[in-house]
Amino acid sequence: MKKYIYLFLFVFTFLIKDEVKSQNIEDYTDTAIINSASLKSSYKLYEASLEKVKQVKTLSSPIIDFGYFINPIETKTGPQQAKIGIKQNLPWLGSLKAQQSVYEQLAYAKLEDYEVKKEHLIHMVDKSWYTMNEVNQAIVIIKSHLKIVKSFEELAIKKYETGFNTGLVDVLKIQMEIDEVNNKLLFYKDDLALKKVLFNNLLNRDKNAAI
């Protein structure tokens with residue numbers, strides 16, 4: 001009896017795997033990226049670094065100097081009542097380019113940090129998703145197994161009641177197998193519930209959100 005059950009489950013496993021492969025998790029990874037406080041913080045640091053690069057590229061604003069004399073001052077060109085001037089602070093030759101290079105490297109480092117964190121998060125979501133699907137697949141298979149074993153139990157009971165070459169021992173063996181399968185089903189259901197919570201935590205959303 002068992003060899004027929006396992007043959008069915010073996011074929012059924014491959015059917016389920018094909019279905020799982022066709023599922024798309026891009027929406028979930030996008031949600032995880034959008035909701036990640038760590039990624040938001042890293043990207044803000046990158047944007048701040050870019051802003052610093054722009055500031056270094058730009059010379060400081062010129063300073064306008066204005067003065068007014070109560071009594072005119074005699075100069076070579078005649079009396080002077082007021083004076084106005086403009087001052088511009090210029091960096092040493094090459095220092096502006098050096099500062100720009102430093103801040104560009106810092107901005108690049110911030111971008112690299114952001115990309116590394118993002119790729120790690122995507123990997124964790126993918127891994128959690130496929131692990132969760134494996135457990136879900138196991139549950140589907142176990143339920144099918146249980147359905148088949150129960151049908152054998154019904155058949156064994158009918159044969160026992162009619163005295164058709166089936167003893168009480170055979171019925172009890174099948175019932176013991178049913179109990180074993182039920183316990184395994186409960187274990188995988190609990191495991192799936194836990195994995196769903198962990199998956200939703202990665203997406204930074206309510207732990208009971210539908211998947």
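User: Helices are DSSP runs of H or I with at least four residues, strands are runs of E with at least two, and both are numbered from the N terminus. Which helix holds lysine 195 and aspartate 191?

Analyst: This is a predicted model in which local features need pLDDT of at least 70, side-chain atom pairs count only at pLDDT 80 or more, and totals for chains, interfaces and linings use all residues. Residues are numbered from 1 along each chain as its sequence is written, and side-chain values use heavy atoms, with hydrogens and water left out. Lysine 195 and aspartate 191 stand four residues apart, about one turn of the helix, and both belong to helix α5.

User: What N to O distance joins the side chains of lysine 195 and aspartate 191?

Analyst: A salt bridge requires a side-chain nitrogen of Lys or Arg within 4 Å of a carboxyl oxygen of Asp or Glu. Lysine 195 has 17% relative accessibility and therefore counts as buried (under 20%; exposed is over 50%, partly exposed in between; 1.4 Å probe, protein chains only). Aspartate 191 is likewise buried, at 18%. Their side chains meet in a salt bridge with an N to O distance of 2.9 Å.

User: How many salt bridges does the model contain?

Analyst: In helix α4, aspartate 113 and lysine 117 lie four residues apart and meet at 3.5 Å, N to O. Each of these two is partly exposed, because aspartate 113 has a relative accessible area of 34% and lysine 117 has 34% relative accessibility. Glutamate 115 and lysine 118, three residues apart in α4, meet at 3.6 Å. The salt-bridge count comes to three.

User: Which helix supplies the largest share of the largest nonpolar core?

Analyst: A nonpolar core is a set of buried Ala, Val, Leu, Ile, Met, Phe, Trp, Tyr and Cys residues joined through side-chain atoms within 4.5 Å. The largest one has 24 residues, and those with the most contacts inside it are Tyr28, Leu121, Val125, Trp129, Phe199 and Leu203. At least two residues of this core come from each of α2 (26-35), α4 (95-161) and α5. The largest share, eleven residues, is supplied by α4.

User: What angle separates the ring planes of tyrosine 43 and tyrosine 114?

Analyst: Rings of Phe, Tyr and Trp (its six-membered ring) pair if their centres lie within 6.5 Å, with planes under 30 degrees apart counted as stacked, over 60 as edge-to-face and the rest as tilted. Of the six aromatic pairs found in the whole structure, one is formed by tyrosine 43 and tyrosine 114, with 5.1 Å centre to centre. This pair links helix α3 to helix α4 across 71 residues. Its geometry is edge-to-face, the angle between the planes being 65°.

User: Which residues are linked into a cluster by ring pairs?

Analyst: The cluster shares members with the list of core residues that have the most contacts, which includes Tyr28, Trp129 and Phe199. The residues that ring pairs link into a cluster are Tyr28, Trp129 and Phe199.

User: What is the approximate phi of asparagine 204?

Analyst: Most residues other than glycine have a negative phi. Asparagine 204 lies in the segment after α5 and, at 48% relative accessibility, counts as partly exposed. Its phi is positive, with a value near 55°.

User: How far apart are the C-alpha atoms of leucine 185 and valine 140?

Analyst: Leucine 185 is found in helix α5 and is buried, with a relative accessible area of 9%. Along the chain, leucine 185 and valine 140 are 45 residues apart. Their C-alpha atoms are separated by 9.3 Å.
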